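Colleague: I have just opened this entry and would love your help with one part of it. Please take a close look at the loops for me, and set them in the context of the whole fold.

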Amino acid sequence: MPLTVGTDAPAFTVKDTNGNTVSLSDFAGKTVVLYFYPKDDTPGCTKQACSFRDAQPEYQGKDIVVLGVSADDEASHQAFTQKYNLNFPLLADKDKSLIGAYDVDGGGYAKRVTYVIDPNGKIIHVDSSVNTATHASDVLTQLGL
């Protein structure tokens, strides 16, 4: 069962697509769209990632950061990012600690769940029935943007 609205978002520190260390605290003061997905370069996950890629102009200037999370490693994330020209970071949760903290373990992979975290670190929206093709614009609609 995913975490609920009003919950403090669990802190994390993991590596991103390029091997950089990323922590939730790096984005204090910004809205964070933290979306979990099962696996790089699969049909639904590709549609979802490309929806965020294509919507980046709508996200810019709104202090919103998009972060994708799966249990894939940095090399897989790099290949996925390059193949589809993704313009936001993917987080490599190889030990599944982030997947566990956000209660999205699907038995070896991440369930498709998106959390929107406000600038103060509170979860303000949870989406566990994602339409992969329209997800990025659906999130903006939920935020009233």
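Modeller: Happy to! A word on terms before we start: helices are DSSP runs of H or I with at least four residues, strands are E runs of at least two, and both are numbered from the N terminus. Please also keep in mind that this is a predicted model.

The fold first, as the loops hang on it. There are four helices and seven strands in the protein, and along the sequence they follow the pattern β-β-β-α-β-α-β-α-β-β-α. The radius of gyration is 14 Å, which agrees with the value near 15 Å that a compact globule of 145 residues would have. Along the principal axes, the C-alpha atoms fill a box of roughly 35 × 30 × 30 Å. Of the 145 residues, 46% are buried. Contacts reach far along the chain too: of those between residues at least 6 apart in sequence, 67% join residues at least 24 apart.

Now to the loop between β1 and β2, which is where Thr17 sits. On one side of this loop is strand β1 (residues 13-16) and on the other is β2 (residues 21-23); the two run antiparallel and are joined by three bridges. Within that pairing, Lys15 faces Thr21 of β2. The hairpin has four residues between its strands, and Gly19 there adopts a positive phi near 85°.

Strand β1 has another antiparallel partner in β5 (residues 90-92), with two bridges between them. Asp16 is bridged to Leu91 of β5. Carry on to Thr17 and Leu91 comes up again: the C-alpha atoms of Thr17 and Leu91 are separated by 6.3 Å, although the two residues are 74 apart along the chain. Is Thr17 buried or exposed? Its relative accessibility is 5%, and buried means under 20%, so Thr17 counts as buried. Setting aside residues up to four places away in sequence, Thr17 touches Glu74, His77, Gln78, Thr81, Pro89 and Leu90.

Another threonine to visit is Thr132, found in the loop between β7 (123-127) and α4 (135-142). Thr132 has 15% relative accessibility and therefore also falls under the 20% limit for buried. Which residues does Thr132 contact, beyond its neighbours within four places in sequence? They are Gly44, Lys47, Gln48, Ser51 and Arg112. Gly44, Lys47, Gln48 and Ser51 have numbers that fall within α1 (43-59).

Two aspartates round off the tour, and their backbone angles deserve a look. Asp63 has a positive phi of about 55° without being a glycine. Its loop lies between α1 (43-59) and β4 (64-70). With a relative accessible area of 46%, Asp63 is partly exposed. Asp103 likewise has a positive phi, near 55°, and is not a glycine either. You will find Asp103 in the loop between α3 (97-101) and β6 (113-117). The relative accessible area of Asp103 is 35%, which makes it partly exposed.

For the view from outside, the accessible surface of the protein comes to about 6,700 Å², with 48% of it belonging to carbon and sulfur atoms. The side chains include 12 positive and 18 negative ones, and the centres of these two sets lie 3 Å apart.

Methods. Residues numbered from 1 in each chain as written. Predicted model: local features only at pLDDT ≥ 70, side-chain atom pairs only at ≥ 80, totals over all residues. Heavy atoms only, no water. Rg over C-alpha atoms; globule rule 2.2 N^0.38 Å. Buried < 20%, exposed > 50% of the residue type's maximum accessible area, 1.4 Å probe, protein only. Contact = heavy atoms within 4.5 Å. Areas by Shrake-Rupley, 256 points an atom, 1.4 Å probe, with all protein chains shown as cover. Lys, Arg positive; Asp, Glu negative; His and termini not counted. Charge placed at Lys NZ, Arg CZ, Asp CG, Glu CD. Pairing = 2+ DSSP bridges.
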